[in-house]
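Reader: I should like to learn how the terms used for a protein model are justified. Please take me through some examples.

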Amino acid sequence: MSATATPTPATMIDSAQLGTNAVHDVSSLGLFLQADIVVQTVMIALLLASIWCWTVVFEKAWRLKQLRAKADKFEDDFWNEASLDGLYDRVGANPSDPMAATFAAGMKEWRASTTGSRGITLGLKERVERVMNITIGREMQEIEKDMNFLATLGSAAPFIGLFGTVWGIMNSFTAIAGTKDTSLAVVAPGIAEALFATAIGLVAAIPAVVAYNKFATEIGRYGQRLEDFADQFSTILSRRLDERAAA
């Protein structure tokens, strides 16, 4: 019958040290601090992109809300105003609201091309429509600013995070080769750091994709609203041209 070996104090100390060394901080900050410099760079870049993404989201949501409110007010003024010339004098030649700017561009061309009561220039309707379309295009380009960033972040962030993941897993296999130990304690920290990079990539990408789809739809509707207003305004001016030609 063999006697059971009694652990010595030195053996107990070595075991405790090994147990302590095997413990790794698995908190978000711990995974970041323990990661390789390349993985840390990927994480920082994705976090900064995520912060900028939310900045764009809040700014775009607030601006679209303001644009809809201003468009509602201007349309009420447009349909309730007795005189288009009076409305033009009130909003000015360069208003900040896109719908008012579309109206002002059309009225400016109308006034510049008509003199007296019968001085109607050939092709006036086409020129008015052209300047309004140019104005709409310019205003929509300003509204759509930063949409490319959301689209790019939504498509690229998962792959950037995946790059950090691949790099972290490569470090884990390097650790296996260096220690010649395939235990989970050796590879788990590197894999956890790698997967954390992927998680950050998804955190940045998912809101960007959702926000892009939402804002693209809302901006498209607003652009269609501007075009509909331009068509209605052009119809009114065309009716005026017919009235002047018949007078």
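Author: This is a predicted model, in which local features need pLDDT of at least 70, side-chain atom pairs count only at pLDDT 80 or more, and totals for chains, interfaces and linings use all residues. Residues are numbered from 1 along each chain as its sequence is written, and side-chain values use heavy atoms, with hydrogens and water left out.

Reader: How do you know that the span of helix α5 agrees with its number of residues?

Author: Helices are DSSP runs of H or I with at least four residues, numbered from the N terminus. The expected span is 1.5 Å times one less than the number of residues. For the 16 residues of α5 (residues 98-113) that gives 22 Å, and the end C-alpha atoms are 23 Å apart, which agrees.

Reader: Why is α5 called largely enclosed by the rest of the structure?

Author: Buried means under 20% relative accessible area, exposed over 50%, and partly exposed in between (1.4 Å probe, protein chains only). In α5, 13 of the 16 residues are buried, so the helix is largely enclosed.

Reader: What makes M170 partly exposed?

Author: M170, in helix α7 (residues 147-179), has 44% relative accessibility, so it counts as partly exposed.

Reader: Why is N213 called partly exposed?

Author: N213 lies in helix α8 (residues 184-246). Its relative accessible area is 45%, and therefore N213 is partly exposed.

Reader: Which residues does E109 contact, leaving aside its neighbours within four places in sequence?

Author: Contact means heavy atoms within 4.5 Å. E109, found in helix α5, is in contact with L124, R127, V128 and V131.

How values were computed:
Helix = DSSP H or I, 4+ residues; strand = E, 2+ residues; numbered from the N terminus.
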